[in-house]
Amino acid sequence: MKRSHTRLRLSRPAFTAVCAVVAVGLAAGPAAAHAEVTASDPRALAENVTLSFTSEAESDTAGIAELRVVLPKGIAPDAVTLKDAPEEWKLAATPDGYAIGGPALATGTDAEYSITVRQLPDEKSLVFKTLETYSDGKVSRWIEVPADGEKVDNPAPVLKLKAAAPGAKPIAPSPSPSPTPSGAPSPEQSAAPSAPAASASAQATNAEEAGSSTGATVGVIAAVLLLVAAGPFWWVRRSRGRA
């Protein structure tokens with residue numbers, strides 16, 4: 001008994017169409033993250049947590065030179081310190097987050113760095129909107145937040161948090177610099193002479209005035225005495241002249 005085998009042959013147009021469908025299917029799969037964040041302890045209210053960030057390089061002609069991050073609600077700029085970064089990169093606080101950058105990285109090199117956060121807020125997820133600036137001035141904005149599972153073209157890094165540990169509580173914020181005590185003298189008060197010094201100065205002035213007055217009195221008395229003593233001598237001389 002002979003078995004017949006049927007071979008399926010596709011024409012060139014049909015083969016091209018199948019390839020296109022496969023390519024579209026692959027493109028519809030999950031896309032690689034362009035900017036992402038991970039945590040050493042991803043729990044709400046966790047303290048001294050290290051957050052590690054990776055920003056994927058996309059330019060073929062320039063390197064990443066700076067990253068600006070908007071911190072989520074509950075993390076203040078002064079609660080963040082730099083832990084690790086590319087050589088010569090520095091971190092500086094901004095009104096709504098921080099900026100980190102330095103010499104541009106080599107073209108095609110991802111920007112990787114880590115920071116330490118004093119305490120994570122009591123939230124279920126944290127969004128870190130990020131702007132990537134390249135050495136040629138180009139800016140990539142990873143600031144979109146997916147909602148209801150929808151996909152976005154420029155997703156911001158999102159950190160999912162677990163429930164807080166039992167007994168975890170928010171820590172107090174860093175104390176602000178204490179004002180100058182009310183009892184301490186102000187700069188103007190420090191520059192003014194003290195009461196004893198002022199009194200001594202007044203006494204010295206009075207002594208000088210008294211000395212001047214005494215000297216003037218003595219001078220007048222001496223002049224009067226001189227005139228009294230010279231009077232008889234002048235009278236005798238005048239009488240002789242008449243004789």
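**Two open sheets and a shared core**

Reading from the N terminus, the elements of the protein chain go α-β-β-β-β-β-β-β-β-β-β-β-α-α. That makes three helices and eleven strands, all taken from a predicted model. Of the 243 residues in the chain, 21% come out as buried. The chain exposes about 17,300 Å², and carbon and sulfur atoms supply 58% of that area. As for how the chain folds back on itself, take the contacts with a separation of 6 or more: residues 24 or more positions apart account for 69% of them.

The first sheet to look at is an open one with four strands, in the order β1-β2-β7-β4 and with antiparallel pairing. Its edges are β1 (35–39) and β4 (80–84), each of which pairs on one side only. On average, and ignoring direction, neighbouring strands here are turned by 30° against each other. In the middle of the order, β2 and β7 run antiparallel and are joined by eight bridges. Within this pairing, Thr 54 stands opposite Glu 112 of β7.

Strand β7 is also home to Val 117. This valine counts as buried because its relative accessibility is 1%, and the cut-off for buried is under 20%. Not counting residues up to four places away in sequence, Val 117 touches Glu 47, Asn 48, Val 49, Leu 51, Ile 75, Ala 79 and Val 80. Ile 75 makes a handy example of a contact across the sequence: it sits 42 residues from Val 117 along the chain, yet the two C-alpha atoms are 7.8 Å apart in space.

Then there is the core. In soluble globular proteins, nonpolar side chains tend to be buried together. Here the largest nonpolar core has 27 residues, and the members that touch the most others are Leu 51, Phe 53, Ile 75, Tyr 98, Tyr 113, Ile 115 and Phe 128. Strands β2 (47–55), β3 (64–70), β6 (97–101) and β7 (111–119) each put in at least two residues. The biggest giver is β7, with four. Phe 128 shows what such a well-connected member looks like: leaving out residues up to four places away in sequence, its contacts include Val 37, Leu 51, Phe 53, Val 69, Val 70 and Leu 71, and also Pro 72, Ile 75, Trp 142, Ala 156, Pro 157 and Leu 159.

The other sheet described here is open too, with five strands in the order β5-β6-β3-β9-β10 and antiparallel pairing. Strands β5 and β10 (139–142) are the edges, each pairing on one side only. From one strand to the next, the twist averages 15°. At the β10 end, four bridges tie this strand to β9 (residues 129–134), and the two run antiparallel. Thr 133 has Val 139 of β10 as its bridge partner.

At the opposite edge, strand β5 (residues 90–94) includes Thr 94. Is this threonine buried or exposed? Its relative accessible area is 12%, and anything under 20% is classed as buried, so Thr 94 is buried. The side chain of Thr 94 reaches the backbone nitrogen of Tyr 98 at 3.1 Å. Tyr 98 is itself listed among the core residues that touch the most other members. Setting aside neighbours within four places in sequence, Thr 94 is in contact with Arg 68, Pro 77 and Ala 99.

Methods: Residues numbered from 1 in each chain as written. Predicted model: local features only at pLDDT ≥ 70, side-chain atom pairs only at ≥ 80, totals over all residues. Heavy atoms only, no water. Buried < 20%, exposed > 50% of the residue type's maximum accessible area, 1.4 Å probe, protein only. Polar contact = N/O pair within 3.5 Å; in protein donor to acceptor, adjacent residues only side chain to side chain. Contact = heavy atoms within 4.5 Å. Pairing = 2+ DSSP bridges. Axes fitted to C-alpha atoms, helices over the stretch in contact; angles between N-to-C directions. Areas by Shrake-Rupley, 256 points an atom, 1.4 Å probe, with all protein chains shown as cover. Core = buried A, V, L, I, M, F, W, Y, C linked by side-chain atoms within 4.5 Å.
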